[in-house]
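Colleague: Could you walk me through reading the features of this model, one at a time?

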Amino acid sequence: MNKFNFLAIDLDGVCISMGEAAAQAHGLTLPTNNITDDFLYNAVGGKKMFWKKCSGHEFWANLKPYVWTSKLLKTINDSG
């Protein structure tokens, strides 16, 4: 019997900050204090406007990893 391990990692907040990328796509800067989940939706005029600039290959392919992402993925990979 073949056995394999599978681990799914949430990108946003673990490996990348989609909020920062989304804010940048809309020409905004995220505030440094705690923000609500719908902050960006409200700032850009709703979900439809938000996703208009946060979709497509270019947006997703250019998300920047956090500084610890490489080490996290290496640790996971090395753990077998």
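**From one side chain outward**

Modeller: Start with Phe 50, which is found in helix 3 (residues 47-53). Helices here are DSSP runs of H or I with at least four residues, numbered from the N terminus. Two notes on the source: this is a predicted model, where local features need pLDDT of at least 70 and side-chain atom pairs pLDDT 80 or more, while totals for chains, interfaces and linings use all residues. Residues are numbered from 1 along each chain as its sequence is written, and side-chain values use heavy atoms, leaving out hydrogens and water.

Colleague: Why does Phe 50 count as buried?

Modeller: Buried means under 20% relative accessible area, and exposed over 50%, with partly exposed in between (1.4 Å probe, protein chains only). Phe 50 counts as buried because its relative accessibility is 6%.

Colleague: And which residues does Phe 50 touch?

Modeller: A contact is heavy atoms within 4.5 Å. Not counting residues up to four places away in sequence, Phe 50 touches Met 18, Ala 22, His 26, Leu 40, Tyr 41 and Val 44. On the same count, Val 44 touches His 26, Leu 28, Met 49 and Phe 50. For a backbone view, the C-alpha atoms of Phe 50 and Ala 25 are 9.2 Å apart, with their positions 25 residues apart along the chain.

Colleague: Which residues make up the largest nonpolar core?

Modeller: In soluble globular proteins, nonpolar side chains tend to be buried together. A nonpolar core is a set of buried Ala, Val, Leu, Ile, Met, Phe, Trp, Tyr and Cys residues joined through side-chain atoms within 4.5 Å. The largest one here has eleven residues: Ile 16, Met 18, Ala 21, Ala 22, Ala 23, Leu 40, Val 44, Phe 50, Cys 54, Phe 59 and Leu 63. Helix 1 (18-25) and helix 2 (39-44) each supply at least two of them, and helix 1 gives the most, four residues.

Colleague: What covers the buried residues of helix 1?

Modeller: Those residues are Met 18, Ala 21, Ala 22 and Ala 23, and their cover includes helix 2, helix 3 and helix 4 (56-61). After helix 1 comes Gly 27, with a positive phi near 75 degrees.

Colleague: How much space lies in the largest pocket?

Modeller: Rolling a probe the size of a water molecule over the atoms shows where empty space is left. On a 1 Å grid over the protein atoms alone, a pocket is an open set of points where a 1.4 Å probe fits, with protein on both sides within 12 Å along at least five of seven lines; lining residues have an atom within 4 Å of a point. Points join across faces, edges and corners, and the volume is the space filled by probe spheres set on them. The largest pocket holds about 280 Å³. Its lining has 14 residues, those closest to the centre being Asp 12, Gly 19, Asp 37, Leu 40 and Phe 50. Helix 1, helix 2 and helix 3 each supply at least two lining residues.

Colleague: How many salt bridges does the structure hold?

Modeller: Side chains of opposite charge can pair when their charged atoms come close. The cut-off is a side-chain nitrogen of Lys or Arg within 4 Å of a carboxyl oxygen of Asp or Glu. The structure holds one: Lys 74 with Asp 78, the closest N and O atoms 2.5 Å apart. Both residues are exposed. Because Lys 74 and Asp 78 are four residues apart in helix 5 (residues 69-78), about one helical turn separates them.
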